[in-house]
Amino acid sequence: MMTQLTNWTTELRYQPYQSWSPEYIKNLLSKVQQSDWRLAYHIQPQSGLLNDPNGFSYFNNQWHLFYQAFPYGPVHGIKSWVHMISDDLVHWNYQGIPLLPDSQNDSHGVYSGSALPIDDKLFLMYTGNIRNHEWERKALQLGAWMNQENQVTKIETPLILTDTERYTQNFRDPQLFSYEDSYLAIIGAQDTELQGKIAVFESTNLTDWQWLGNLTYTDLPMGFMVECPNLVFIENQPVLLFCPQGLATSDLSYQNIYPNTYILGSSFTKKTLTIEDATTLRNLDEGFDVYATQAFNAPDGRALCVSWIGLPEIDYPTYEEGWLHCLSLVKELTIKDGELYQYPVQELKKLRTNQRSFSGKLAKNEQELISNTSFTYEAELKLPKNEIGELKLFADSLINQYLRLYFDTVSGKLTVDRSKSGVPFAEEFGVTREIDLPSHTELTLTIFVDHSVCEIFINHGFKVITLRLFPDETQTSLLISGINSGEYRGEIWELNRSLTP
Ligand code: FRU
């Protein structure tokens, strides 16, 4: 078997996991380990492809997080769930692959889903993807129990079959949660008119499920499919996260192939399945690479979420190295003055070390804030109001390559430009993103850098810009300039590694 496959036929992508030889796997793992773009504190696949976060939960005194994986190459092959455990939402331990595509109900992929602790076990609800000889798809909503030893046992009988009078087989990604005195599951769907919907089911025993209808949360058409719907409550206010595919850009401006969107409501009425007083549709992330965000209400009262940093149908440079994509930091969702905020959980401060502070006056000539940043740091910068300037991260010594943040705190605008940030990719979806900010107001940027990921939080989470970039090892300078002589200040911390390499 070749060490690096280039021709990923359907047959190869769907062959049973046990067909991959130990030699092939060893070569693949060693290829991945040579990558300069591996991450130090973001969850990444050991090899192959990672996509959606699944089953994010707190169970048996630990945090559990699963993700969609195809471990044998950087392609969307036959999917399984990899399991990670953490005591602190920062350090994660790999637990193996408890949900394999090895039963007749999920033979062509263990697709996305969620988890809910019930008594002394964790209930996993997910989509089984199967295909017949004609390669026609069937989607089954399935269940499994995980015990306190983290052993998973699948339930043989499907929980929900697709009702083909109402939906096509694009019917997946159940989110299970307790609501009042029963369980609800919301499922991403395409109806028979090929419109994206969110289906709602109810059960009292997790075995018998009753269709309640479609969720009402907007008057706009939601494209041809809604993936990964996710409902959480922040002080009783519903927050619905979801990924509409094929949404008209006249209904929401977005540049990514598919957006990860959200709406906020004032309350949820189960009787009519309505999110009341729903806001207009908004982008959850203003960057280039966020999709399939999964959130849950943790027992400590926080609404926590994690995103896939990657998008369907887009090529990334690590393809050549045998791995693709990663998860975001764990972010807490809050609502302030009617706005959704997302900010990394405070536990992440544990990674901070070697603090440096800086301050000064902005000038037209670029000043070097730091000449030798590592590739793992957190920087917090306060930029003055009524200033126009730029910040260059990941700059090389000749300033040919950099990630450019252009800020205008006069009219209120931030532009991120990754066109020269390293190896180019996904340029067909634009190389810049522009974000509106309050005008005449100081701007705070909190930036987490991890080798080939950058998560930028604006004004403590009012907006978020997440992106991948693929710099070379010389891109270690941080530069700043501005035209109105305003004063800036900031701090930078090295961040420790939280993952075993
Ligand atoms: C979203 C998605 C889900 C599906 C999973 C398959 O990225 O397409 O709808 O369950 O990925 O890996």
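Is K154 buried, partly exposed or exposed? In this predicted model, K154 has a relative accessible area of 23% and is therefore partly exposed, the limit for a buried residue being under 20%. K154 takes part in salt bridges with two aspartates, D102 and D106. The closest N and O atoms are 2.7 Å apart in the pair with D102 and 2.8 Å apart in the pair with D106. D102 lies in the loop between β4 (92-94) and β5, whereas K154 belongs to strand β8 (residues 152-154), so this salt bridge ties together parts that are 52 residues apart in sequence. D106 is also placed in the loop between β4 and β5, and its pairing with K154 in strand β8 therefore ties together parts that are 48 residues apart in sequence. The two aspartates have contrasting surroundings: D102 is exposed, with a relative accessible area of 56%, while D106 is buried, with a value of 0%.

The structure holds 16 salt bridges. Another of these joins the side chains of R356 and E494, with an N to O distance of 3.7 Å. R356 is located in strand β26 (residues 352-361) and E494 in strand β37 (residues 487-495), so the contact ties together parts that are 138 residues apart in sequence. R356 is partly exposed, at a relative accessible area of 29%; E494, at 15% relative accessibility, counts as buried. Elsewhere, a network of salt bridges links E366, E390, K392 and R404.

The protein chain is divided into domain 1, covering 10-344, and domain 2, covering 350-495. The C-alpha centres of these domains lie 31 Å apart. Domain 1 supplies 38 residues to the contact, and domain 2 supplies 39 residues. The size of an interface is often given as the accessible area lost when the parts come together. Between domain 1 and domain 2 the buried area is about 3,300 Å², with carbon and sulfur atoms giving 63% of it. Y41, E286 and F288 are the residues of domain 1 that lose the most area to domain 2, and together they account for 23% of what that side buries. The count of salt bridges between the two domains is two. A salt bridge is also formed by the side chains of D88 and K350, at 2.9 Å from N to O.

F288 has a further contact, in which the charged end of R418 sits over its ring, 4.0 Å from the centre. A second arrangement of this kind involves K121, which lies over the face of W145 at 6.0 Å from the ring centre.

Aromatic pairs number 29 in the structure. In one of them, the ring centres of W8 and F70 are 6.0 Å apart and the planes stand at 85°, so the pair is edge-to-face, the threshold for this class being over 60 degrees. W8 lies in the segment before α1 (10-13), and F70 in strand β2 (residues 62-70), so the pair ties together parts that are 62 residues apart in sequence. W8 and F70 are both buried. These two residues also belong to one aromatic cluster, together with Y17, W20, Y24 and Y72.

Y316 and F425 form a tilted aromatic pair, with 5.0 Å from centre to centre and 40° between the planes. Y316 is found in the loop between β21 (303-309) and β22 (323-324), and F425 in the loop between β31 (413-417) and β32 (432-436), so the pair ties together parts that are 109 residues apart in sequence. Both residues, Y316 and F425, are buried.

A further tyrosine, Y111, lies in strand β5 (residues 110-118). With 16% relative accessibility, Y111 counts as buried. Leaving aside neighbours within four places in sequence, the residues in contact with Y111 are Y14, Q68, K79, W81, Y126, T127, N129, R137 and R172. The C-alpha atoms of Y111 and Q141 are 9.4 Å apart in space, and the two residues are 30 residues apart in sequence.

Key:
Residues are numbered from 1 along each chain as its sequence is written. This is a predicted model: local features need pLDDT of at least 70, side-chain atom pairs count only at pLDDT 80 or more; totals for chains, interfaces and linings use all residues. Side-chain values use heavy atoms; hydrogens and water are left out. Rings of Phe, Tyr and Trp (its six-membered ring) pair if their centres lie within 6.5 Å; planes under 30 degrees apart count as stacked, over 60 as edge-to-face and the rest as tilted. Helices (H or I, at least four residues) and strands (E, at least two) are DSSP runs, numbered from the N terminus. Buried means under 20% relative accessible area, exposed over 50%, partly exposed in between (1.4 Å probe, protein chains only). A charge sits over a ring if NZ of Lys or CZ of Arg is within 6 Å of the ring centre and within 35 degrees of the ring normal. Domain bounds come from an automatic or database domain assignment. Contact means heavy atoms within 4.5 Å. Buried area is the accessible area (1.4 Å probe) that two parts lose on being put together, summed over both. A salt bridge is a side-chain nitrogen of Lys or Arg within 4 Å of a carboxyl oxygen of Asp or Glu.
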